[in-house]
Amino acid sequence: MVGQRFVQLLDEHPWFEVVSIAASSKSAGKTYEESVQNRWKMSGPIPEKVKNIIVQDAAKVEEVAADVDFVFCAVDMKKDEIRALEEAYAKTGTPVISNNSAHRWTPDVPMVIPEINPEHIEVIAAQRKRLGTKTGFIAVKPNCSIQSYVPALNALLDFKPTQVVASTYQAISGAGKNFTDWPEMLDNVIPYIGGEEEKSEQEPLRIWGHVSGGEIVKASSPLITTQCIRVPVTDGHLATVFVSFENKPSKEEIIERWRQFAGRPQELGLPSAPKQFITYFEEENRPQTKLDRDIERGMGVSVGRLREDSLYDYKFVGLSHNTLRGAAGGAVLIAELLKAEGYIVAK
Ligand SMILES: N[C@@H](CC=O)C(=O)O
């Protein structure tokens, strides 16, 4: 599903053109249209420009890499196989922008939300040395769920958040499914998503870490605990968040920080960057998954229901589109940042 989102987002992209699509040997040799037959899950049609591309075998690394300036990677394989595949591409001198979790904790691989930690891409120099390449590297995006609460907390880091409790209400597209292939989700809630709570608690700390000695050193605070729940919606991960601070801000200060928050993508005017990264809703019944997930073409984050709490300092609700900002769109934005900063160049 993320692969399909990439294809959809890259159609008409002002900087990037899809020239090659690679998959397992099972799909190799078919046209892209044949390979996704009956499995196309996007709302629009398959873009004309890619329909007749002959799918290559992703395992034939040298062959695929010869045709491209960089690759996006979203695959369903074992983690050690993904690590090896991505490193093999990087070693051919090809940048890899990955949606997979395999390299999220490799010390010299940057895991980036471009508005939050663009400076982590500096670590690429050390990674290139280790991989023995002047031009290749791997950069990854974090898990989709954290985008529904990390941007809102990031805007408040000056007030030193100490404790965070987040519960995520995650769409079924996060599991690569729709209601046709997952009927069990109709009229149902499943209180378990394998590995999700660990990712949701740990990945924000890596995003808030810093580069030192050619590695990313993760932050030690705030303490984060999460519960991740699968809910019957197609797209959009919503989070309810409780937070306490060392220096408690006023409600007005928080809303002002959210409204003002912009980062490197906005400064550089990157094509996929939302103009307004965080939108605060005053209405007490917003953000709503269905109404607000597409804000800023699915690349913005919505927040609402900010109020004082009886146990923590504040509570609020956050929402982001999991396959746009949280997956393919987030990866395209990373690639745009890396191109603008000179890390991705035409071969
Ligand atoms: N692991 C996530 C993927 C993001 O959409 C999930 O299962 O929802």
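How many positive and negative side chains does the protein have, and how far apart do the centres of the two sets lie? There are 40 positive and 47 negative side chains, and the centres of the two sets lie 2 Å apart. Keep in mind as you read that this is a predicted model.

**The whole chain**

Let's begin with the overall picture. The protein contains 12 helices and 13 strands. Along the principal axes, its C-alpha atoms fill a box of roughly 60 × 50 × 35 Å. What radius of gyration does the protein have? The value is 20 Å, which agrees with a compact globule of 347 residues, because such a globule would have a radius of gyration near 20 Å.

You can also look at how the residues are covered and connected. Of the 347 residues, 54% count as buried. The protein exposes about 15600 Å², and carbon and sulfur atoms supply 48% of that area. Among contacts with a separation of 6 or more, 76% come from residues 24 or more positions apart.

**Helix 1 and its partners**

Next, find helix 1, which covers residues 2–10. Its buried residues are Gln4, Arg5, Phe6, Val7 and Leu10. These buried residues pack against helix 2, helix 3, strand 3 (71–73) and helix 12. Helix 1 is followed by Glu12, which has a positive phi, near 70°.

**Backbone features to look for**

Most residues other than glycine have a negative phi, and most peptide bonds are trans. With that in mind, here are some residues and bonds that you can pick out in the model.

| Feature | Value | Citation |
|---|---|---|
| Phi of Asn38 | near 65° | positive, in a residue other than glycine |
| Phi of Asp187 | near 60° | positive, in a residue other than glycine |
| Omega from Ser221 to Pro222 | near 5° | cis peptide bond |
| Omega from Arg286 to Pro287 | near 0° | cis peptide bond |

Where do these residues sit? Asn38 is in the loop between helix 2 (32–35) and helix 3 (48–51). Asn38 has a relative accessible area of 80%, so Asn38 is exposed. Asp187 belongs to the loop between strand 6 (161–170) and helix 8 (196–207). The relative accessible area of Asp187 is 80%, and therefore Asp187 is exposed.

The two prolines are in loops as well. Pro222 lies in the loop that runs between strand 8 (215–217) and strand 9 (223–230), while Pro287 is found in the loop between strand 11 (278–281) and helix 11 (289–292).

**A close look at Asn322**

Let's finish with one residue, Asn322. Is Asn322 buried or exposed? Asn322 counts as buried because its relative accessibility is 2%, and the cut-off for buried is under 20%. Asn322 is found in the loop between strand 13 (314–320) and helix 12 (324–340).

Which residues is Asn322 in contact with, leaving aside its neighbours within four places in sequence? They are Cys144, Ala171, Ser173, Gly174, Asp235, Gly236, His237 and Ala327. With Ser173 there is also a polar contact of 2.9 Å, which joins the side chains of Asn322 and Ser173.

Technical notes
Residues are numbered from 1 along each chain as its sequence is written. Side-chain values use heavy atoms; hydrogens and water are left out. Helices (H or I, at least four residues) and strands (E, at least two) are DSSP runs, numbered from the N terminus. Buried means under 20% relative accessible area, exposed over 50%, partly exposed in between (1.4 Å probe, protein chains only). A polar contact is a pair of N or O atoms within 3.5 Å; within protein, one must be able to donate a hydrogen and the other to accept it, and residues adjacent in sequence count only if both atoms are side-chain atoms. Contact means heavy atoms within 4.5 Å. The radius of gyration is taken over C-alpha atoms; the globule rule is 2.2 Å times the number of residues to the power 0.38. Accessible areas come from the Shrake-Rupley method with a 1.4 Å probe; for residues, only the protein chains shown count as cover. Lys and Arg count as positive and Asp and Glu as negative; His and the chain ends are not counted. The place of a charge is taken as NZ of Lys, CZ of Arg, CG of Asp or CD of Glu.
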